[in-house]
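Please walk me through this structure, starting with the chain as a whole and then turning to how its parts pack together.

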Amino acid sequence: MSITSFIILGMGLSVDSLAASITTGACSLKLRLSQILKIAAFMAVFQASMPLLGWVIGRSFKNMVVAYDHWIALLFLVAIGAKLIYDGLRNDEGEVSCLCPSNHLLLAGMALATSIDALVVGIGFGVLSINIWQAVVIIGVTTFLFSITGVLLGMRVGERINKGIEVFGGLVLIGLGLKIFLSHVIEIIK
């Protein structure tokens, strides 16, 4: 995968963290810079370490699934993208929860919940031959920047745009899955 693909993937994976950060900003209109950075750091560390954990798991099964790696990546990314789109289109107003940045356990729980999809993507990385460290750094930095932006945006405009962002992120992940699949199929045809 190219750096551009990692950046696009990082953006797609960071959407959950962005949505959570927007919600946090919308609920906490007066956050200090240190609190904003803490939220972003929690989100980035979890989002970056989950693909690494998934990669380790995926490497263990590489020999069993090498012929199907493009199918696995496609299925994982489409499933995650579809879930994001579904969550974005649901109209459950009662699901919005505020996240207090001084509660580390709650913050870690939110960061973990928004990074589960990155674990699944990491498993796909394990069966593909990719530079995991490059992916981890790009995903972490992207998530950090998205989370800062999300908190600030949430403090300004509130939760109104939260649903649309999840749908966009889902479409990005599905598109990336199709790109991986099609590039593998085209390579076989050549």
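**The chain and its helices**

Among contacts in the protein chain between residues at least 6 apart in sequence, 92% join residues at least 24 apart. This is a predicted model. The protein chain has eight helices and zero strands, and its pattern along the sequence reads α-α-α-α-α-α-α-α. Of its 190 residues, 47% count as buried. The accessible surface of the protein chain is about 9,600 Å², and carbon and sulfur atoms account for 71% of that area.

Helix α2 is a useful place to begin with the packing. This helix covers residues 33-60, and it packs against helix α5, residues 104-113, at an angle of about 45 degrees, with the two axes 9 Å apart. An angle of this kind falls into neither the parallel, the antiparallel nor the perpendicular class, and α2 and α5 are therefore oblique to each other. The crossing of α2 past α5 is right-handed. On the α2 side the contact involves K38, I39, F42, M43, F46 and M50, while α5 contributes H104, L107, A108, M110, A111 and L112. Sorted by class, the contact of α2 with α5 contains ten nonpolar residues, one polar and one charged.

The second partner of α2 to look at is helix α7, residues 132-157. Here the axes come within 8 Å and cross at roughly 150 degrees. Angles over 145 degrees count as roughly antiparallel, which makes α2 roughly antiparallel to α7. This crossing of α2 and α7 is right-handed. From α2, the residues in contact are I36, L37, I39, A40, A41, M43, A44, Q47, A48, P51, L52 and W55. From α7 they are I132, W133, V136, I139, G140, T143, F144, S147, I148, V151, L152 and M155. By class, the contact of α2 with α7 has 20 nonpolar and four polar residues, and no charged ones.

A general point helps in reading such lists. An α-helix has 3.6 residues a turn, so residues three or four places apart point the same way.

Two residues of helix α1 show how that helix meets other parts of the chain. S14 is found in helix α1. Its relative accessibility is 0%, so S14 counts as buried. Leaving aside neighbours within four places in sequence, S14 is in contact with Q47, I139, T142, T143 and F146. Of these, Q47 is among the α2 residues in the contact with α7, and I139 and T143 are among the α7 residues in that contact.

A20 also has its place in helix α1, which spans residues 3-27. With 8% relative accessibility, below the 20% cut-off, A20 counts as buried. Not counting residues up to four places away in sequence, A20 touches M43, M110 and T114. M43 of α2 and M110 of α5 both take part in the contact between those two helices. The C-alpha atoms of A20 and G150 are separated by 7.8 Å, although the two residues are 130 apart along the chain.

Helix α6 comes last. It runs over residues 116-127, and nine of its twelve residues are buried, so α6 is largely enclosed by the rest of the structure. The buried residues of α6 are D117, A118, L119, V121, G122, G124, F125, G126 and V127.

Terms used:
Residues numbered from 1 in each chain as written. Predicted model: local features only at pLDDT ≥ 70, side-chain atom pairs only at ≥ 80, totals over all residues. Heavy atoms only, no water. Helix = DSSP H or I, 4+ residues; strand = E, 2+ residues; numbered from the N terminus. Buried < 20%, exposed > 50% of the residue type's maximum accessible area, 1.4 Å probe, protein only. Contact = heavy atoms within 4.5 Å. Areas by Shrake-Rupley, 256 points an atom, 1.4 Å probe, with all protein chains shown as cover. Axes fitted to C-alpha atoms, helices over the stretch in contact; angles between N-to-C directions. Parallel < 35°, antiparallel > 145°, perpendicular 65-115°, else oblique. Left-handed = near helix turned anticlockwise from the far one by under 90°. Nonpolar A, V, L, I, M, F, W, Y, C, P; charged D, E, K, R; others polar.
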